[in-house]
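Here's a quick tour of where things sit in this model, starting with the ligand and moving out to the empty spaces and the backbone. Keep the viewer open and click along.

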Amino acid sequence: MRAYNFCAGPAALPTAVLEKAQAEMLDWHGKGLSIMEMSHRSKDYVAVAEKAEADLRKLMNIPDNYKVLFLQGGASLQFSAIPLNLLGKNSKADYIHTGIWSEKALKEAQRYGDINVVEAGTMVDGKLAITDQSTWNLSDDAAYVHYADNETIGGIQFANIPKTDKPLVADFSSSILSAPLDVSKFGLIYAGAQKNIGPAGLTIVIIRDDLLDQAKAEIPSILKYSAQAKNDSMVNTPSTYAWYLSGLVFEWLLEQGGVEAIYKANLAKAELLYGYIDTSDFYANPIAKENRSIMNVPFTLAKPELEKQFLKEAEENHLLNLAGHRSVGGMRASIYNAVPLEGVQALVNFMDDFAKRNA
Ligand SMILES: Cc1ncc(COP(=O)(O)O)c(C=O)c1O
């Protein structure tokens, strides 16, 4: 049987997608070979790649003046690619700091430019919150403003898109396709695939056309957005299987009714889990309500000495990967698009039973 997988990434994929990939594994569409064994320049593969892009454009309603790139190196390589491409001559950028991932992004950027760090985390009634934008000290001459929409480890998420007249650059690794998004508000959106899109090995970059051509001349072609756009993300051999499988996930999402429908399902899952945690004396979530992530739900036990026991029993109940990130401890349930409501209900039932037995 397939267990419920609450891993933060690589994360759960829809069972229907895995079944389709399995059925097509040895003989893709009667061609006598696997898609993995096909040239990325072949007519068949290019059609698969183009269909995946078209479906992602449909799902996210991406305007025509944006390129969609299917890259490698993870979101972490974008931490460098973004400043190398976008800093331009003035070499200044604003980075909003809300947790571990936005910090990693700004630390990389500091190697290339003059980075203004805006500390945007604050404690409100003992819970972590994101400060109001009116308190931020943004620069007048920044080449761009960077933030991480959803901090996967901390479980803290922006309630609104920050406002700026500079290009807005955002890490959506753990929240892309989870809720409707107005892409036109952004200069660049990026996301590692291995949470809400597909397997690891693929990174999506959505970039507005006017930002394509600002890279420093000496950077590697593979990192240059203009070169990747000109070559349909095939400056070199792309991550062909991850691209194909992500395309199957996009088809699955369209079948579910698109992002609006999946957002409704995500809200129901998040409400169920947070609702239960809020009524319990045994579990607690450390984030202010307005900034709670709908994708990653960290929680602590009133008796931390029972964490190992909790994880062991959860696994025996087919509820996998509930340990918090190694840097923060505690528990974390990642409830991405592919985790069904029944999975969250099974988790809540288990948590309640565990609390009753151990209170
Ligand atoms: C918000 C966020 N940004 C960046 C990363 C880094 O992604 P990658 O491992 O693809 O480099 C992660 C990984 O978990 C993440 O959650």
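## Around the ligand

This is a predicted model, and the ligand is a good place to start. Its surroundings are made up of G74, A75, S76, F79, W101, N150, T152, D171, S173, Q194 and K195. Sort that shell by class and you get six polar, three nonpolar and two charged residues. Helix 3, which runs over residues 74-86, is the top contributor to the shell, with four residues.

Now for the polar contacts. The side chain of S76 puts an N or O atom 2.6 Å from an oxygen atom of the ligand. Q194 has a polar side-chain atom 2.9 Å from a ligand oxygen, and for W101 the distance from a side-chain N or O atom to an oxygen of the ligand is 3.4 Å. How much of the ligand's accessible area does the protein cover? On its own the ligand has 400 Å² of accessible area, and the protein covers 86% of that. As for where the ligand sits, its space is the second largest pocket.

## The largest pocket

The ligand takes the second largest pocket, so to speak of the largest one is to turn to another part of the tour. The largest pocket holds about 630 Å³ of space. It has 31 lining residues, and Q157, F158, A179, Y263 and I294 are the ones closest to its centre. Two elements give two or more residues each to this lining: helix 2 and helix 7 (258-279).

Which helix gives the most to the lining of the largest pocket? That's helix 7, with seven residues. By class, the lining of the largest pocket splits into 18 nonpolar, seven polar and six charged residues.

## A closed cavity

Rolling a probe the size of a water molecule over the atoms is a handy way to see where empty space is left. How many cavities of 30 Å³ or more does a search of the whole structure find? Just one turns up. The largest cavity has a volume of about 50 Å³.

If you want to find it in the viewer, select its lining: A12, L13, P14, K195, N196, I197, V249, W252, N337 and A338. Seven of these lining residues are nonpolar, two are polar and one is charged. You've already met K195, since it is also listed among the residues around the ligand.

## Backbone oddities

Most peptide bonds are trans, and most residues other than glycine have a negative phi. A few spots here go the other way. What is the peptide bond from G9 to P10, cis or trans? It's cis, with omega near -5°. P10 itself sits in the loop that links strand 1 (4-5) to helix 1 (15-24).

Two histidines are worth a click as well. H29 isn't a glycine, yet its phi is positive, at about 50°; look for H29 in the loop between helix 1 and helix 2 (43-60). H318, also not a glycine, has a positive phi of about 65°. You'll find H318 in the loop between helix 8 (307-316) and strand 15 (319-320).

Conventions
Residues are numbered from 1 along each chain as its sequence is written. This is a predicted model: local features need pLDDT of at least 70, side-chain atom pairs count only at pLDDT 80 or more; totals for chains, interfaces and linings use all residues. Side-chain values use heavy atoms; hydrogens and water are left out. A residue is near a molecule or strand if one of its heavy atoms lies within 4 Å of it. A polar contact is a pair of N or O atoms within 3.5 Å; within protein, one must be able to donate a hydrogen and the other to accept it, and residues adjacent in sequence count only if both atoms are side-chain atoms. Accessible areas come from the Shrake-Rupley method with a 1.4 Å probe; for residues, only the protein chains shown count as cover. On a 1 Å grid over the protein atoms alone, a cavity is a set of points where a 1.4 Å probe fits but cannot get out, and a pocket is an open set with protein on both sides within 12 Å along at least five of seven lines; lining residues have an atom within 4 Å of a point. A molecule sits in a cavity or pocket if more than half of its atoms lie within 2 Å of its grid points. Ala, Val, Leu, Ile, Met, Phe, Trp, Tyr, Cys and Pro count as nonpolar, Asp, Glu, Lys and Arg as charged, and the others, Gly among them, as polar. Grid points are joined across faces, edges and corners, and a volume is the space filled by probe spheres set on the points.
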